[in-house]
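Biologist: I'm new to this one. Please walk me through it, and tell me what each label rests on.

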Amino acid sequence: MLLITMIGLGWLLGPRTPAPPLPPELLGPDPGWLARAERLGRLRRGLSLLNLAIVPLALWLFVSSGWSAALRDWLTGHGLRSPWLLVGGFTILFVTGLTVLTWPLEYVALLLRRAYGLSNETSAAWLLRQLKLLAVTLVLTLLAAEGLYWLLRTLPGWWWLPAAVGAVLLSMALTYLQPYVITPLFFRQTPLADETLRAAIQELGRRSGVPIGEVYVIDASRQGNEGNAYFTGIGGATRVVLYDTLLRTYQRDQLLTILAHELGHWHYQHVWRALALSALTTPLGLGLIHLLLQRLLPSWNINTPADVAGLPLILLLITLGSYAVLPLQNALSRHWERQADRFALQATGDVAAFQRTFADLARQNLSDPTPPPLYEAIFATHPAIGRRVSEAATGGS
Ligand SMILES: [Zn+2]
């Protein structure tokens with residue numbers, strides 16, 4: 001049923017024809033990378049499908065086998081009688097277990113990136129990064145779970161409404177704090193040192209009406225060769241972030257193209273739009289979960305939604321719900337990426353630089369420029385690079 005929804009929505013909303021291949025003149029001096037990118041693309045797609053199946057399967061097993069109720073009993077038996085302590089203890093153990101379960105596949109992904117020369121991260125550095133990620137996840141889920149179960153205890157019929165407000169506020173706070181709190185845990189950020197490039201960027205911002213707070217460079221080369229850039233933050237905290245891997249190999253007109261694309265996201269206020277959209281959809285989703293919980297919990301020996309043993313079931317419903325709307329969400333994301341692409345083309349007026357940039361990014365990151373259209377429709381947040389390059393020729397339309 002879920003699979004049919006995903007494929008149906010993907011077919012309706014996504015591309016139905018394969019992305020056009022990159023023109024040969026953009027492949028660079030050694031076009032052999034294309035076959036490697038396609039091979040890696042197939043492996044990565046298989047891995048991501050496997051990854052997608054593991055978490056809901058584990059959640060379902062955990063709650064339906066009675067382990068969830070057994071963990072709650074065990075914690076209560078060990079003195080965690082206050083609901084706050086019980087929710088905290090359960091969340092820490094459960095989320096840690098679930099996260100560690102995804103590590104083997106994450107590690108395989110690292111081995112792949114290493115084998116294809118994309119990563120130079122050691123296993124120890126990888127493990128440290130996973131532990132940091134786990135710590136961030138634990139802090140956030142503890143906060144969310146304590147809030148959620150407090151609401152479930154005090155407002156059993158209406159918890160989902162304030163919970164939705166809380167979830168949206170939390171994601172706003174995270175969007176604001178991410179560059180200050182989360183990014184520094186993983187990378188070192190420094191203001192862009194190249195004065196002439198900085199001036200060119202500021203000038204580009206002025207011409208296209210986007211006030212640029214600051215341009216930062218992160219030391220992504222610590223982890224590998226992949227290049228990227230992004231626009232982040234809301235309010236006074238907006239900033240453009242460039243990977244240092246881009247600064248090494250890309251020419252100025254290419255860097256300006258990448259930055260102009262990021263400015264396009266600011267111009268169209270995509271961060272705010274995404275937050276507004278989640279403010280609309282989160283109450284609907286949680287309301288639906290409220291209805292489903294009342295039907296499902298009794299059959300799994302969990303008496304009330306306020307019982308923390310139901311947490312895996314709540315997570316399962318959230319996960320399956322997010323899968324169902326994935327094609328919709330990604331269709332919107334690809335639409336926004338196209339808007340940013342068109343904005344970049346208008347701001348720079350340089351189609352050739354745009355095409356060279358994206359072909360070079362595909363080569364540097366070994367990303368398959370022509371993935372299967374149905375996969376692109378369901379899972380891709382960005383249009384295939386083959387599509388972006390060919391659409392640029394017609395002004396990005
Ligand atoms: Zn973008």
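Biologist: How do you know that both faces of strand β2 (residues 215-218) are covered?

Modeller: First, the ground rules. This is a predicted model, where local features need pLDDT of at least 70, side-chain atom pairs count only at pLDDT 80 or more, and totals for chains, interfaces and linings use all residues. Residues are numbered from 1 along each chain as its sequence is written, and side-chain values use heavy atoms, with hydrogens and water left out. Now β2: Val215 and Val217 are buried on one side, and Tyr216 and Ile218 are buried on the other. Buried means under 20% relative accessible area, exposed means over 50%, and partly exposed lies in between, with a 1.4 Å probe and protein chains only. A strand here is a DSSP run of E with at least two residues, a helix is a run of H or I with at least four, and both are numbered from the N terminus.

Biologist: What makes β4 (residues 239-243) count as largely enclosed?

Modeller: Five of the five residues of β4 are buried, so the rest of the structure largely encloses the strand. Arg239, Val241 and Tyr243 sit on one face, and Val240 and Leu242 on the other.

Biologist: Which strands form the open sheet, and in what order?

Modeller: Four of them, in the order β1-β2-β4-β3. Two strands count as paired if DSSP finds at least two bridges between them. β1 (residues 189-191) and β2 have three bridges and run antiparallel. β2 and β4 have four and are parallel, while β3 and β4 have four and are antiparallel. That's the mixed pairing. In general, strands of a sheet pair through backbone hydrogen bonds, either parallel or antiparallel.

Biologist: Which residue of β2 is the bridge partner of Gln189?

Modeller: Ile218. Further along, Pro191 stands opposite Tyr216 in β2. Tyr216 also stands opposite Val241 in β4, and Val217 faces Leu242 there. Across from Leu242 you'll find Ala229 too.

Biologist: Why do β1 and β3 (229-232) stand at the edges?

Modeller: Each has a single partner strand, so one side of each is left without a neighbour in the sheet. On average, neighbouring strands of this sheet are turned by 30° against each other, direction ignored. For the angles, axes are lines fitted to C-alpha atoms (for helices over the stretch in contact), and values run from 0 to 180 degrees between N-to-C directions.

Biologist: On to the metal. Which atoms coordinate the zinc ion?

Modeller: His261 (NE2), His265 (NE2) and Glu337 (OE), at 2.0 to 2.1 Å. Donors are N, O and S atoms within 2.8 Å of the metal (3.2 Å for Na, K and Ca), so these distances pass. Water is not among the atoms, so sites may look incomplete. Along the chain, the spacing is H-x3-H-x71-E. His265 in helix α10 (residues 252-267) and Glu337 in helix α13 (residues 326-348) are 72 residues apart, a link between distant parts of the chain.

Biologist: Are His265 and Glu337 buried or exposed?

Modeller: Buried: His265 has 13% relative accessibility, and Glu337 has 8%.

Biologist: What makes Gln269 unusual in its phi?

Modeller: Its phi is positive, about 55°, although Gln269 is not a glycine. Most residues other than glycine have a negative phi, and most peptide bonds are trans. Gln269 lies in the loop between α10 and α11 (270-296) and counts as partly exposed at 31%. Leu366 also has a positive phi, near 45°, but is buried at 4%; it is in the loop between α14 (351-365) and α15.

Biologist: Which class fills the lining of the second largest pocket?

Modeller: By class, there are 16 nonpolar, no polar and one charged residues. Ala, Val, Leu, Ile, Met, Phe, Trp, Tyr, Cys and Pro count as nonpolar, Asp, Glu, Lys and Arg as charged, and the others, Gly among them, as polar. Of the 17 lining residues, Leu3, Met6, Leu49, Leu52 and Phe379 lie nearest the centre of the pocket. α2 gives the most, five residues.

Technical notes. 1 Å grid on protein atoms, 1.4 Å probe; cavity = no way out; pocket = protein on both sides within 12 Å on 5 of 7 lines; lining within 4 Å.
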